[in-house]
Amino acid sequence: MVKEYNAPNRFYQFYSQKRSVMQIIALLVLCSFFYILGVWQNTYSTPIIPPRLDCSKYKIDVSSSSVSLDFEAHHMLEVDDMSNSNISFAPCDMKYSEYTPCEDPERSLKYDREMLKYRERHCPEKQELLKCLIPAPPGYKNPFSWPKSRDFAWFSNVPHRELSVEKAVQNWIQVDGDKFHFPGGGTMFPHGADAYIENINKLIPLTNGSIRTAIDTGCGVASWGAYLLNRNILSMSFAPRDSHEAQVQFALERGVPAMIGIMASRRLPYPARAFDMAHCSRCLIPWNKYDGIFLMEVDRILRPGGYWILSGPPINWKKHHNGWQRTTEDLKQEQDEIEDIAKRLCWKKVVERVDLAIWQKPTNHLNCIKIKARVFKVPPMCEDGNPDSAWYKNSKTCITPLPQVKNITDIAGGALEKWPQRLTSVPPRISSGSIPGITAKSFNQDTQLWKARVSYYGSMIGELHKGRYRNIMDMNAYLGGFAAAFVNDPVWVMNVVPSDAKHNTLGVIYERGLIGTYQNWCEAFSTYPRTYDLIHANEVISMYQNRCDITDILLEMDRILRPDGIVIFRDDVDALVKVKHIIDGMRWKSQLTNHESGPLHRQKLLIAVKQYWTGTQKEGTELGNS
C-alpha cells in the first residue's frame, strides 16, 4: 500500500489562507482611506447666494461636498406628483397679491354676521386652493432693518394710503415720499405710544421683568407692541382683516409680532395662562355684550395675577362723550356692566386714572370659589374640557378654573421667574409633570441641543445673527428651544405648535417668555403674504405628508415668505428629496446638506432661498417679472 505524501498541498493551503487574510486587510485599509477622504471632502462647502444680495455680505455656506447631494437615485419614493420630473408653478394673477386664504373678504360674506363670525377663519375647500405663486407688488423692496423698520416701511411693499388719511389726526401712519412713516401714535395716544406706555408704567410695573408677554386686542399698526419691545416685553398683536386695510400687514412690515385675528365666537388660538398683560385701546370689542364672553376669554389667556388694561370708551366718558358722539347714559351703563363682569370674574380693579383703567386677575381661585358660592352664581366655573385647547374651539360663558392650590398665597400653576431668567428656568408645566414624557432634564437637554443647532445654522447662513432676518417662524416649535437660541439677536420668533402635535407644548413656550400660536399646516396661516424673513420647518413634512398634500404646504410657505427669504428644512432625507423636487419649480434655490452630526445620519437639512421676482401691473395677467 502506497502512503500518500501531501506536504506540498498543506503548504499551498497555508499560502492561500495567508494571501486571503492579506487581501482582506488591504481592502479594509482602502475602505477606511476612502471613507476618511469622503468625510474630509464634506468639510468643504458650496455657497448658496440669495438673489440680488451682495455675495460678500449675505453668504449662505452649506456644509456639503462640492457636488450637490443627490439622493433621488437611492431612495425610491411613492409620490404621485413626482411622476413628472419638471414641476413648474406659474405666478398667480396680481389680484391675489395680498391674498389671505382663510380670511378672504369675498368668502367671508357667506357666513353669519352675528358676533362677527364672518371675520373668523373660513378656509377654502381643497378644490379652491390656488396652485400658483403669490406675486409681490411691482417695485417691492427688502424691508428696512430693525430698529429703523419700527418707524419706516416702503410704500411699494404695502401700497395703501387709506390709513394715512383716515387716521391722520391720530398719527398712526404718514406717507413720506416713497416711504411710510410711523410716528407711534394711536387712537388713544395721539402723542405717541412711548409716552402712553410710560403712563401705564406709573400704574403697574413694566420694567422689572415680571411682565414679559402681552396681547394687544385690535392692535391697529401695532405701535403699542412696537414700543413695548424697548422694555423687554413681547406683545402678540392681532386685528381682523376689515375696513382698516392692511393694519396687520403694516405691523409685520415694521418687524412687530402680529396676526390676523378677532374676538368672536371662538377661542383665541393661544393656551390658558399665556399672557402677563392684555390691552385694549379703543379696540371696539363689545366687552359688556354676549354675557361677558369676551372678557371670559381674556380671563382664560391671562396668567394668574395678570393685568387687563382698557382705554377708550367707556373709560373717562364724562370728558369724551361728545367726541365719541354717544350719550352719557349709554356710556355709564356700558362701564357699569364691564365693572360687574370683572367682579364676577373675581378681578380686582387696580386703578382708573384719566383715560386708563386697569384690572388684575387673582393669583388663584380659592377666594373666588367661596365668593361665587355666596354672591355670584353667574357665570359658573367651566367643568369640562382642556383650557389649553384653542384650535377651532368655541368660547364659553364660564370661568376657566385655575389649577388648584393649598394656600391663599400660592400662585396657581406655579410662579414664574422674572425675565430674562424665565427663558431658561424649568417651566411650571414641566416641573409639575403635567406634560407626559417631558422632564426638567429633557427640557434642559432640548435647550442645549437647539443652541448647538442654531450655531450650526449660523455657520452656513452668514447673516443669521446679524439682523438680516427679523421676522422668524418656527413651524413646529415643540419647547421653543429654537427661538430661545436667538434671545440675544434683533429678531422675534413666531413659535407654532401644530394643533395635532403629540404634546400640546404651547403653554410651556409662553411660560418661557416667548410667544406663539396653534396651527394646522393643512390650512393657511393667519397672516398676509410676504411677512416672514426666515421659516424653520423641523420635521413638518414628515408630520403632514400623509395628512394633506405637501405641495399646498410649500405653496403656503412661499406665500408668507418674503422675496430673498430663507427656509431651513430639517427632516428625513426621503421627505427632503420630495420637497426639493417641488420647490425647484417654485423659483427657489436650494441645497441639501448633512446633519450637524455628520453624513451618516438619515436626517438632512435643506436650505432654500426664495428668489426675488414681482408681478406686473397688467390686469388679469398670469405672468410675473423675474
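Start by selecting Lys349, which is partly exposed in this predicted model, with a relative accessible area of 31%. Now add Glu352 to the selection: the two side chains form a salt bridge, and their closest N and O atoms sit 2.5 Å apart. Glu352 also counts as partly exposed, at 37% relative accessibility.

Next, move to Glu596 and Arg453. Their side chains meet in a salt bridge, with 2.9 Å from N to O. Colour the chain by residue number here, as this pair links distant parts of the chain, with the two positions 143 residues apart. Glu596 lies in the loop between strand E18 (588–594) and strand E19 (603–610), while Arg453 belongs to helix H13 (residues 440–460). What is the relative accessible area of Arg453? The value is 12%, and because buried means under 20%, Arg453 is buried. Its partner Glu596 is partly exposed, at 27% relative accessibility.

For a group rather than a pair, select Lys141, Asp178 and Lys179 together. Salt bridges that share partners join these three residues into one network.

Now go to Arg121 and show its side chain along with that of Glu523. Here is another salt bridge, with the closest N and O atoms 2.8 Å apart. Where in the chain do Arg121 and Glu523 lie? Arg121 is in the loop between helix H2 (105–108) and strand E3 (152–154), and Glu523 is in the loop between strand E15 (516–519) and strand E16 (532–538). The two residues are 402 residues apart, so this is a contact between distant parts of the chain. Is Arg121 buried or exposed? Arg121 counts as buried, at 12% relative accessibility. Glu523, at 22%, counts as partly exposed, because its value is not under the 20% cut-off for buried.

Before leaving the salt bridges, you may like to display the full set: the count comes to 28. As a general point, side chains of opposite charge can pair when their charged atoms come close.

For the last stop, switch on a surface and select Pro124, Leu129, Cys522, Ala524 and Asp552. Of the 23 residues that line the second largest pocket, these five lie nearest its centre. The space in this pocket is about 450 Å³. Try colouring the lining by residue class: 15 of the residues are nonpolar and eight are charged. How many polar residues are in the lining of the second largest pocket? There are no polar residues in that lining.

Notes
Residues are numbered from 1 along each chain as its sequence is written. This is a predicted model: local features need pLDDT of at least 70, side-chain atom pairs count only at pLDDT 80 or more; totals for chains, interfaces and linings use all residues. Side-chain values use heavy atoms; hydrogens and water are left out. A salt bridge is a side-chain nitrogen of Lys or Arg within 4 Å of a carboxyl oxygen of Asp or Glu. Helices (H or I, at least four residues) and strands (E, at least two) are DSSP runs, numbered from the N terminus. Buried means under 20% relative accessible area, exposed over 50%, partly exposed in between (1.4 Å probe, protein chains only). On a 1 Å grid over the protein atoms alone, a cavity is a set of points where a 1.4 Å probe fits but cannot get out, and a pocket is an open set with protein on both sides within 12 Å along at least five of seven lines; lining residues have an atom within 4 Å of a point. Grid points are joined across faces, edges and corners, and a volume is the space filled by probe spheres set on the points. Ala, Val, Leu, Ile, Met, Phe, Trp, Tyr, Cys and Pro count as nonpolar, Asp, Glu, Lys and Arg as charged, and the others, Gly among them, as polar.
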